[in-house]
Amino acid sequence: QVQLVESGGGLVQAGGSLRLSCLASGRTFSNMGWFRQAPGKEREFVAIISTYGAGIIYADSVKGRFTISRDNAKNTVYLQMNSLKPEDTAVYYCNFLTDWRTKKTYEYWGQGTQVTVSS
């Protein structure tokens, strides 16, 4: 059974930092990603990381500010978010990838973690 448990969100002022964690289980630990969904918008890709961390891709909107990493021994993927902006406000989700090129994920999603950035 797939389980995705995101944590670490909160309310922060613009320019601040947060570190999100995702405890993932139920599938062979493989390529994974962080995604986010703002109110009234589609869920969008934020960052993806390959199984052993050699491959990483960021969305242009977060490049240079966010860092994705993983600890396979702990079945956990992280997202360090620095220099946060109000437009980063969203619910953040992690998931396993089924296709690296298209960033397609499994259909199951966890509850996500809310990130709110005040101006």
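Partly exposed here means a relative accessible area between the buried limit of under 20% and the exposed limit of over 50%. Keep that range in mind for the loop residues below; the model shown in every view is a predicted one.

**View A. Lys 103, a loop residue with positive phi.** Lys 103 sits in the loop that connects strand 9 with strand 10 (104–105). At a relative accessible area of 22%, Lys 103 counts as partly exposed because this value falls between 20% and 50%. Its backbone deserves a look too: phi is positive, about 60°, although Lys 103 is not a glycine. As background, most residues other than glycine have a negative phi.

**View B. Ser 83, in the loop between strand 8 and strand 9.** Here we look at the loop that follows strand 8 (76–81) and leads to strand 9, where Ser 83 has its place. Ser 83 has a positive phi as well, near 50°, and is not a glycine. With a relative accessible area of 41%, Ser 83 is partly exposed.

**View C. The disulfide of Cys 22 and Cys 94.** One disulfide is counted in this model, and this view shows its two cysteines, Cys 22 and Cys 94, with sulfur atoms 1.8 Å apart. The pair ties together distant parts of the chain, 72 residues apart: Cys 22 belongs to strand 3 and Cys 94 to strand 9 (residues 90–99). Follow the S-S bond and you will find a right-handed link, with 60° about that bond. Both Cys 22 and Cys 94 are buried.

**View D. An open sheet of four strands.** The strands of this sheet come in the order 1-3-8-7 and pair in antiparallel fashion. Strand 1 (3–7) and strand 7 (66–71) form the edges, each pairing on one side only. On average, neighbouring strands are turned by 15° against each other, direction ignored. For a closer look at one pairing, strand 1 and strand 3 (residues 18–25) run antiparallel and are joined by five bridges. Val 5, for example, has Leu 23 of strand 3 as its bridge partner.

**View E. Arg 36 and its surroundings.** Our last stop is strand 4 (residues 32–37), which holds Arg 36. Arg 36 has a relative accessible area of 5%, so it is buried, the limit being under 20%. Its side chain makes a polar contact with the side chain of Tyr 92 at 2.9 Å and another with the side chain of Ser 61 at 3.5 Å. Beyond its neighbours within four places in sequence, Arg 36 is in contact with further residues, among them Glu 42, Glu 44, Phe 66, Glu 87 and Asp 88.

Note on methods
Residues are numbered from 1 along each chain as its sequence is written. This is a predicted model: local features need pLDDT of at least 70, side-chain atom pairs count only at pLDDT 80 or more; totals for chains, interfaces and linings use all residues. Side-chain values use heavy atoms; hydrogens and water are left out. Two strands pair if DSSP finds at least two bridges between them. Helices (H or I, at least four residues) and strands (E, at least two) are DSSP runs, numbered from the N terminus. Axes are lines fitted to C-alpha atoms, for helices over the stretch in contact, and angles run from 0 to 180 degrees between N-to-C directions. Buried means under 20% relative accessible area, exposed over 50%, partly exposed in between (1.4 Å probe, protein chains only). A polar contact is a pair of N or O atoms within 3.5 Å; within protein, one must be able to donate a hydrogen and the other to accept it, and residues adjacent in sequence count only if both atoms are side-chain atoms. Contact means heavy atoms within 4.5 Å. A disulfide is a pair of cysteine sulfur atoms within 2.5 Å.
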